[in-house]
Amino acid sequence: MPELNDKLCVVTGAASGIGRAICAAFVAEGARVILTDIDAVAGQAAADTIGCEFLELDVRREADWEALAEHAPQIDTMVNNAGVTGFEFSPGPHDPEHTSLADWRAVQAVNCDGTFLGCRYALRAMKARGEGSIINISSRSGLVGIPGAAAYAASKAAIRNHSKSVALYAAQQGWRIRCNSIHPAAILTPIWEPMLGDGPDREARMAALVADTPLKRFGTVEEVAALAVFLASSKSAYMTGTELTLDGGLLAGSAASPG
Ligand SMILES: NC(=O)c1ccc[n+]([C@@H]2O[C@H](COP(=O)([O-])OP(=O)(O)OC[C@H]3O[C@@H](n4cnc5c(N)ncnc54)[C@H](O)[C@@H]3O)[C@@H](O)[C@H]2O)c1
């Protein structure tokens with residue numbers, strides 16, 4: 001029996017990278033999937049390839065969430081995956097001293113507002129049956145400071161904490177609606193492109209990232225998707241308010257650890 005037989009799952013920011021892989025893994029496990037993204041062309045193409053439904057959804061826009069609620073008033077799994085670092089739309093700087101207020105707010109709008117609205121929609125779309133799984137994609141950057149991407153790190157820390165508020169709130173209502181966060185690091189997707197660039201030092205930048213990782217490689221989108229399948233399935237029924245790192249061992253120690 002597939003893990004997610006006939007469950008209705010919504011995934012945001014799923015036209016590429018991790019979200020797209022989660023949609024494919026969910027479909028492979030028997031789920032009905034609504035793949036959503038702000039990019040209608042890439043989103044529709046991804047959905048056609050995977051064999052699921054596409055809906056255009058900008059996670060910052062409450063009206064888009066209301067349209068989704070009308071379209072899918074009852075769901076089983078919500079993956080709040082859409083996220084931006086800030087480098088997509090601004091070269092920066094993104095450090096705590098020089099980040100512009102506009103850049104800071106633009107990152108929070110997608111990552112924080114988007115996750116807040118996604119959790120709110122999910123609770124409302126799950127409470128009639130009193131069960132479901134909300135999976136928020138945070139980051140390793142939500143667990144440690146990142147001086148060169150301060151708004152991103154703050155937004156991912158907010159997602160981590162909000163996941164726990166959602167988990168406790170749902171439990172207080174007596175619902176079996178669970179909420180957990182996944183904290184990936186160094187998964188090679190398009191989100192890295194503005195930081196890696198296509199210049200002569202691209203390979204060196206990639207090698208430096210891998211050198212810092214105890215397992216000495218990038219993670220794959222399929223590895224993140226496998227964790228999402230587990231959190232969406234009944235096998236994780238006793239897990240809520242928890243944070244799962246998927247980082248090749250990066251956070252197991254620190255640069256200050258004795259050798
Ligand atoms: N790749 C990594 O190493 C890594 C590490 C930690 C966390 N993450 C997180 O994983 C999630 C997915 O990232 P990815 O690596 O697959 O990147 P990606 O750039 O491949 O995918 C991000 C997707 O989000 C969409 N998006 C952007 N703004 C949106 C909006 N306002 N509304 C809806 N969709 C929007 C983009 O169109 C894109 O399809 C993000 O939240 C990211 O922060 C990634």
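**View 1. Strands β5 and β6 lie side by side in this predicted model.** Strand β5, which spans residues 131–137, runs parallel to β6 and is joined to that strand by seven bridges. Within this pairing, Asn136 stands opposite Ser181 of β6. The connection between the two strands can be followed through helix α5 (residues 150–172), and β5, α5 and β6 together make a right-handed β-α-β unit.

**View 2. Strand β6 also pairs with β7.** Strand β7, made of residues 243–246, is linked to β6 over four bridges, and the pairing is in the parallel sense. Here Ile182 can be found opposite Leu244 of β7. Of the nine residues of β6 (residues 176–184), eight are buried, so the strand is largely enclosed by the rest of the structure. In a regular strand, side chains alternate between the two faces of the sheet.

**View 3. The ligand is surrounded by a shell of 28 residues.** Those that come nearest to the ligand are Gly13, Gly17, Gly83, Thr189 and Ile191. Helix α1, which covers residues 17–28, supplies the largest share of this shell, namely three residues. By residue type, the shell around the ligand is made up of 15 nonpolar, nine polar and four charged residues.

**View 4. Gly30 sits in the loop between α1 and β2.** This loop leads from helix α1 to strand β2, the latter formed by residues 32–37. Gly30 has 13 other C-beta atoms within 10 Å and is therefore partly exposed, since a residue counts as exposed at 12 or fewer and as buried at 20 or more. When residues up to four places away in sequence are left out, Gly30 touches Pro2, Leu4, Asn5 and Asp6. Gly30 and Cys52 are separated by 22 residues in sequence, while their C-alpha atoms are 11 Å apart in space.

**View 5. Helix α3 has buried residues and, on its other side, exposed ones.** In this helix, which comprises residues 62–71, the buried positions include Asp64, Trp65 and Leu68. Seen down the axis of α3, its buried residues fall within an arc of 100°, so they line one face of the helix. An α-helix has 3.6 residues a turn, so residues three or four places apart point the same way. On the other side of α3, Ala63, Glu66 and Glu70 are exposed. Among the elements that cover the buried residues of α3 are β3 (53–56) and α4 (101–126).

Key:
Residues numbered from 1 in each chain as written. Predicted model: local features only at pLDDT ≥ 70, side-chain atom pairs only at ≥ 80, totals over all residues. Pairing = 2+ DSSP bridges. Right-handed = clockwise from strand over helix to strand, strands pointing away. Near = placed C-beta within 6 Å. Nonpolar A, V, L, I, M, F, W, Y, C, P; charged D, E, K, R; others polar. Contact = placed C-beta atoms within 7 Å. Arc of directions from axis to C-beta.
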